[in-house]
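Thanks for making the time this morning. I would like to walk you through one structure, beginning with its aromatic rings and then turning to a helix.

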Amino acid sequence: STKSHRPDVFVIGGGIGGLSAALALTIQGLRVRLYEQAPEFGEVGAGLQLAPNCTRILHDYGLLDEAVQLGVLPEHMIMKDALGATELTRVDLKDMERRYGFPYLVIHRSDLHGVLLRGCERAGVELVTGARCVAYENIEGGARVTFADGNSDEAEVVLAADGLHSIARTLLVDDEPVNSAYVAYRGAVPFEQVRANEVHEKDVVLYVGPHCHFVQYPLRGGRMFNQVAVFQSPKALAGDDDWGTPDELDHAFEGTCQEIQKGLPLMWRDRWWRMFDREPLMKWVTGRIALLGDAAHPPLQYMAQGAVMAIEDGWVLAQHAGAQGAKRSEGGSGIDWEVALDAYEAVRPEHCRRVVLTARSWGALWHHVGVQREQRNAVMRSRDTYDYAFMDWVYGPTALKPDQEPEMFTAIPLDSVEV
Ligand code: FAD
C-alpha cells in the first residue's frame, strides 16, 4: 500500500464496524487508512440479522442490492414458546418493509464483511493487515497510534473500532466487560441437513424458554440454515472459569420441544461465545480519538443490533464530517473535527445506551420461568401483529437522532397479567 498522501483518518479494527466507518468517511471525500491486527480480514461463518435501520444505510452506500443477493429477505419473525412450540407472536416483515422503507435482511457474517471490504477497496480505503495497535495518544492537531512492532503513525482523527476488549476505551473509562453468564452456540449448515426437520424455510424463528432460547433462520438464498442456541451456564453462576462447555449445552435444552431437539445436534461444538456487554458509556471521544462499534457499546445480542449500531455510528460521523463540505488544502482535510466529533457524541451514546439496556430487559423477558413465563406468553399472544410501538425507536430513521425518538420499549409489567 502506498503512503504518498497522509491519511486524514485512521480506523483501528477491520470488523464490520471499522470497515463500514472507513467506507462512510471515504465516500465523504476523506482519506482513510484502516489497520487490522489479524493477518487477514475475516468474520465468523455464522448468520447476522440486519434490521431496516441498517439496510437503509447499506442502500445509501450502494451496497444493499449486493447484500440482498447474498442473503435472504425472510417473510416473518416468529416467537414461539421453547417448551410447547406454540406460537406467541409474529412480525410480518413485508409489512415492516413498507413501514420503514427498507427490508429486514439476514446474511452470512462473512458475506456482509466481504461486501464491506470490497466496497472499501473500490472506494480507495487504504487497508493494512497484521498491525496490532498497542497505544493511542492525542497530539497537536491530531492523534498518534503505536503498533506492536514499535512503529507509530499520525492522522487528524483516530477511530477505534477495536471491539469488546478495546484498548482505546481505557482512555475514557476504567471498566470491565459484564458477564451475563449466558453463552451462545452457533451452527450454519447446508439446508439439506435440516430439510427433514420441517423447519420454517422463509422465517426467522425464535424459541424462548426457561433460561435459554434458540434461533433459526435461512442464509444464502435458502441454501444454508443458521441456528443459535443460547443458555445460562450453571458453571458460570458457580464462578467456575471453565464455563459454557458442550455438556452444559446438552443439559440446558432438556425438556424443550422436538423442533429444538432436532436442531441441537447441528450446533458447532468446538467453539462457543460467552456473552458479555458493558455498562453504557456516555463519553466516547477524547481529543481526536473516538470509539465506535463494540468498543463503545457492546450489547447482549438479543435485539440483534450490535453490528447494526456499529454501522450506524460510522454513517452518523461521516454525515457530520461531510456536511461541512470539502476544504482540502496542503494542511489537511479542512474538517473541523471538534464540531463533527461533538455532533457524533451528541447523538450516538444516548441511542446505544437505550439499546444496550433494552437488550438486557429483552433477555430477561425471553428467559422467564414459571408464572412469569406464563404471564409473558399471555402478553405476547395478545400483541397485535401490526403493532410497531416496540421497534419504531430502533428501526425508524429516528434512531439516528435520539432527541426525536419516541418512547423506548421498557420491561413489560408482568405482575398485573392474569394467567
Ligand atoms: P469486532 O467485530 O469485534 O471487530 C473488532 C476488530 O478489531 C477485529 O477485526 C479485531 O481483530 C480488530 N482489533 C481488535 N483489537 C485490535 C488492535 N489492538 N489493533 C488492530 N486491530 C484490532 N449484531 C447484529 O447487528 N445482528 C445480529 O444478528 C447479531 N447477532 C449476534 C449473535 C451473537 C451470538 C453474537 C456474539 C453477536 C451478535 N451481534 C449481532 C453483535 C455483533 O456481532 C457485534 O456487535 C459486531 O460484530 C461488532 O463489530 P465491531 O466491528 O465493532 O467489533
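How many aromatic pairs does a search of the whole structure find? The search finds 15, where rings of Phe, Tyr and Trp (its six-membered ring) pair if their centres lie within 6.5 Å, with planes under 30 degrees apart counted as stacked, over 60 as edge-to-face and the rest as tilted. Before going further, I should say that this is a predicted model, in which local features need pLDDT of at least 70, side-chain atom pairs count only at pLDDT 80 or more, and totals for chains, interfaces and linings use all residues. Residues are numbered from 1 along each chain as its sequence is written, and side-chain values use heavy atoms, with hydrogens and water left out.

One of the pairs is Tyr104 with Tyr395, whose ring centres are 6.3 Å apart and whose planes lie at 65°, so the pair is edge-to-face. Tyr104 is in the loop between α4 and β6, while Tyr395 is in helix α12, so the pair ties together parts 291 residues apart in sequence; helices (H or I, at least four residues) and strands (E, at least two) are DSSP runs, numbered from the N terminus. Both tyrosines, Tyr104 and Tyr395, are buried, meaning under 20% relative accessible area, with exposed being over 50% and partly exposed in between (1.4 Å probe, protein chains only).

Turning to helix α10, its 30 residues (337-366) should span 44 Å, at 1.5 Å times one less than the number of residues, and the end C-alpha atoms are 42 Å apart, which agrees. Of those 30 residues, 21 are buried, so α10 is largely enclosed by the rest of the structure.
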